[in-house]
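Hi everyone, thanks for coming. Could you all pull up the sequence and the structure so we can walk through a few spots together?

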Amino acid sequence: MEKIGIWQVVLFICVFNLGLVYGQVSYSIPEEMPKGSFVGNIAQDLGLDLKRLSIGRARIYTGEDTEYIALNKDRGVLSIKERIDRETLCGQTTPCALHFQIMLEDPMEFYTIMVEITDINDNPPVFRQNEIKFEINEFAQTGARFVLERAKDHDVGINGLQSYSLNPNDNFVLKLHSDPEGTKNIEMVLQKSLDRELNEHLSLILTALDGGDPQMSGTMQIQITVLDANDNAPVCSQSVYKAAVAENSPLGTILTTVSASDADQGSHGVVSYSVSSEDANSLFDIDSREGVVRLIGSIDYEKQKYYQLNIQARDHGGHSDVCKVMINVNDINDNKPGISIMSKSKAISEDSKTGTAVAILNVQDADSGENGKVHCSIDDNLPFTLKSTSNHFFSLVTDNDLDRERQKDYNITVTCTDEGVPSLSNTVTLSLQISDVNDNAPVFEKSSYEASILENNSPGLSIFAIRAQDADWNQNARISYMLEESTINGASVSGYVSVNADSGVINALRSFDYEQIKDFQFHVRAQDGGSPPRNSNVSVRISIQDQNDNAPQVLYPVHTGSSLVAEIVPRSADVGYLVTKVVAVDVDSGQNAWLSYKLQKNMERALFEVGAQNGEIRTIRQITDKDAVKQKLTVVVEDNGQPSRSATVNVNVALADSFPEVLSEFSDFTHDKEYNDNLTFYLVLALAVVSCLFIVSIIAIFSVKCYRWRRERMFYKSNGHLPVIPYYPPLYADAGNTGTLQHVYNYEVCRTTDSPKSDLKHMRPCSQSIISLNTNGTLTLQHAHREKLIIEDTDDQVSSSSDISVYHTFLM
């Protein structure tokens with residue numbers, strides 16, 4: 001057995017522009033090596049790192065053939081996996097080689113490995129028969145030829161059949177000659193006449209020898225019976241016959257007809273035919289009398305392309321001749337292309353570059369010529385293409401951008417068709433998943449959101465939900481919501497609302513008041529879970545809806561805590577006379593702020609009415625003497641909310657043509673109230689004290705005035721200027737009929753140019769003097785009927801006072 005040291009390595013590596021690496025390595029080893037024998041260091045010969053073999057999941061691909069060679073990824077060597085018999089593997093074909101591929105992934109690489117199997121001399125020459133018999137006429141002429149069966153040696157080359165020997169060789173010699181196909185035929189030639197009388201039977205030994213070391217041989221006995229004279233041998237009409245037959249032809253197909261003639265007559269001239277080729281007996285047959293050659297077995301062009309038949313024509317006298325029939329097998333397109341998936345990716349990232357390989361296919365067609373030419377294709381509307389990387393190998397690569405959001409997987413059908421007539425095809429379907437990358441940002445369902453919430457809501461109330469969608473998948477499409485930092489009226493938006501990170505529900509964190517804030521705006525960010533994450537923003541506007549939570553507020557007339565307002569209406573006022581106008585507002589909005597006015601008590605002969613919309617109080621009839629001077633109206637101001645809220649205001653109206661009349665009437669009015677004896681006592685006491693203080697003040701003022709007058713007089717005389725007279729509040733004596741007390745008044749008069757009435761307001765005196773008003777006194781005030789009188793009361797608008805103190809101070 002040859003040693004492994006004789007193997008040789010031939011390495012070719014080509015780098016294609018498809019991103020694939022293709023290479024070829026050749027080894028040579030003898031057959032019959034034991035299991036585990038070393039074949040070659042593939043890692044070293046291909047220049048690969050041992051880690052690359054492991055990480056790339058290196059493996060051997062042989063298609064459907066038996067795997068004779070094993071790959072040790074840890075050592076990077078090839079070894080014998082199964083015993084290799086060259087004769088079983090290749091027969092007589094030379095050279096004999098194993099072809100397989102080594103596949104690597106991440107990235108994809110494949111290498112073609114060829115291991116040539118050399119022959120060893122492990123088969124001796126063998127004859128099909130152990131014995132062959134001839135009947136030769138004693139008159140056979142010298143030079144008569146007798147075809148002998150060839151020995152068969154399964155070895156090839158020098159180890160195959162090399163020579164024959166015949167023993168004893170007194171009467172016959174051996175002749176070898178080769179036909180145009182290189183086949184060695186053996187004939188036994190008569191070189192010395194036979195004499196039946198001397199030797200009726202001859203026994204010869206034919207030995208076949210090979211050229212191996214040690215040499216091996218095989219033998220066959222030749223038994224010759226010497227017959228009486230038959231001096232003419234059959235002669236074939238052609239030495240070589242040629243025929244052709246298509247593979248898969250039906251049994252019984254006639255191939256050709258062989259003919260031979262014999263000059264003898266009678267039984268010595270009758271020729272019979274037989275096939276002497278061992279390997280064709282099961283496939284072909286010849287009619288022994290007619291010489292018609294027929295097909296009796298199934299032939300396959302892919303197994304054997306031609307056959308040679310040795311036809312022996314023999315007469316009954318033992319004479320024979322040999323002719324050959326050369327049969328060519330014609331190929332027909334009876335084999336579909338075979339598609340083998342050498343390597344395939346289960347998934348590919350959607351951002352893979354154009355030209356990324358996803359699968360490597362091996363396509364073989366056992367037919368030949370046009371029948372064996374194969375073209376492969378895929379659908380045109382796919383972002384992939386097939387490229388031929390080498391003979392019989394195709395690479396499926398991307399030729400366009402991938403988008404998982406447009407299509408998440410592909411079923412790619414590869415169709416391979418040969419060029420035969422009719423053509424045959426085969427298909428294989430590859431399933432490929434498109435893995436996701438985070439190339440899409442979340443998209444909100446709306447460009448902006450608007451929502452509303454009623455004021456006075458409960459904190460934590462859910463307002464509404466926003467929603468965004470992400471076209472990506474899994475973690476890349478997992479969206480979280482968060483508030484963008486901003487301020488509302490100087491405060492952080494996070495103090496107003498919150499957003500649920502998972503559901504996008506927006507909750508109110510406080511109770512809103514429409515009167516303080518009517519709406520506010522903020523932004524929410526949606527962020528996916530990709531790496532790096534992508535996000536988008538949306539504007540959210542929250543409107544606060546008003547509730548009727550505020551009652552109307554009366555702006556006019558205004559009541560202080562201890563004053564009473566009265567409106568003066570002359571008795572001569574016409575119907576529709578404008579008494580006053582009630583002005584009220586409601587801080588609510590919408591219909592909650594729509595106000596209506598009405599009088600709470602409306603007598604049978606009502607004198608006044610109020611405008612339901614404008615709040616104007618007008619007379620609705622002429623004033624008569626029967627109408628009381630004092631009129632108290634209660635106006636109800638009501639909003640339009642549900643439920644409605646209201647406010648009331650009292651309007652005092654005096655029916656009089658003069659101010660004294662009004663004053664007297666309202667004085668009586670105050671006197672008619674509940675009388676308080678203690679209050680009267682205190683008032684009298686206060687009046688006495690104030691009177692004393694007033695007299696003392698007058699004396700002091702007079703003294704100071706005289707003193708200053710003298711100084712100013714002297715200053716005037718010395719400077720020639722008029723004296724500067726300081727201002728002192730004068731004291732006026734009562735000019736009335738009965739007045740003995742000084743009266744100090746402070747009037748604030750408000751007049752209008754278009755109203756017959758005016759307002760007069762009595763305030764506290766600047767000197768703080770307190771004077772009790774005698775109800776019997778007669779104080780005359782001009783234009784009193786056109787002024788508005790305000791009388792201060794010590795208990796809620798004169799309700800609990802028996803006397804009215806009026807503080808008068810005349811403005812200087």
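I'll go through some aromatic pairs, then a few charges over rings, and finish with a small sheet. One thing to keep in mind: this is a predicted model.

Okay, aromatic rings. How many aromatic pairs are there? The count comes to 12. Let me show you two of them.

Start with Phe127 and Tyr164. Their ring centres are 6.3 Å apart and the planes sit at 50°, so we call this pair tilted. To be called edge-to-face, the planes would have to be over 60 degrees apart. Now, where do these two residues live? Phe127 is in the loop between β8 (109-118) and β9 (131-137), while Tyr164 belongs to strand β11, residues 161-167, so the pair ties together parts that are 37 residues apart in sequence. And are they buried or exposed? Buried means under 20% relative accessible area. Phe127 comes out at 6%, so that one is buried, and Tyr164 is buried too, at 12%.

Next up, Phe284 and Tyr307. Here the centres are 5.3 Å apart with 65° between the planes, and that makes the pair edge-to-face. Phe284 is in strand β21 (residues 284-286) and Tyr307 is in strand β23 (residues 306-315), so this contact links parts 23 residues apart in sequence. Phe284 has a relative accessible area of just 1%, so it counts as buried. Tyr307, at 7%, is buried as well.

Now scroll along the chain a bit. Tyr496, Phe512, Phe520 and Phe522 form one aromatic cluster. Tyr496 has another partner, too: the charged end of Arg510 sits over the Tyr496 ring, 4.0 Å from its centre. You'll find a similar kind of arrangement with Lys518, which lies over the face of Tyr514, 4.8 Å from the ring centre.

Last stop, the sheet. Three strands make an open sheet, in the order β46-β50-β49, and the pairing is antiparallel. Which strands stand at the edges? Those are β46 (578-581) and β49 (608-610): each has a single partner strand, so one side of each is left without a neighbour in the sheet. On average, neighbouring strands here are turned by 20° against each other, ignoring direction.

Let's zoom in on β46 and β50. Strand β50 covers residues 616-619, and three bridges join it to β46. If you want one place to look, find Lys581, which stands opposite Glu616 in β50.

That's my tour, thanks for listening!

Notes: Residues numbered from 1 in each chain as written. Predicted model: local features only at pLDDT ≥ 70, side-chain atom pairs only at ≥ 80, totals over all residues. Heavy atoms only, no water. Pairing = 2+ DSSP bridges. Helix = DSSP H or I, 4+ residues; strand = E, 2+ residues; numbered from the N terminus. Axes fitted to C-alpha atoms, helices over the stretch in contact; angles between N-to-C directions. Phe/Tyr/Trp six-rings, centres within 6.5 Å; stacked < 30°, edge-to-face > 60°. Buried < 20%, exposed > 50% of the residue type's maximum accessible area, 1.4 Å probe, protein only. Lys NZ or Arg CZ within 6 Å of the ring centre and 35° of its normal.
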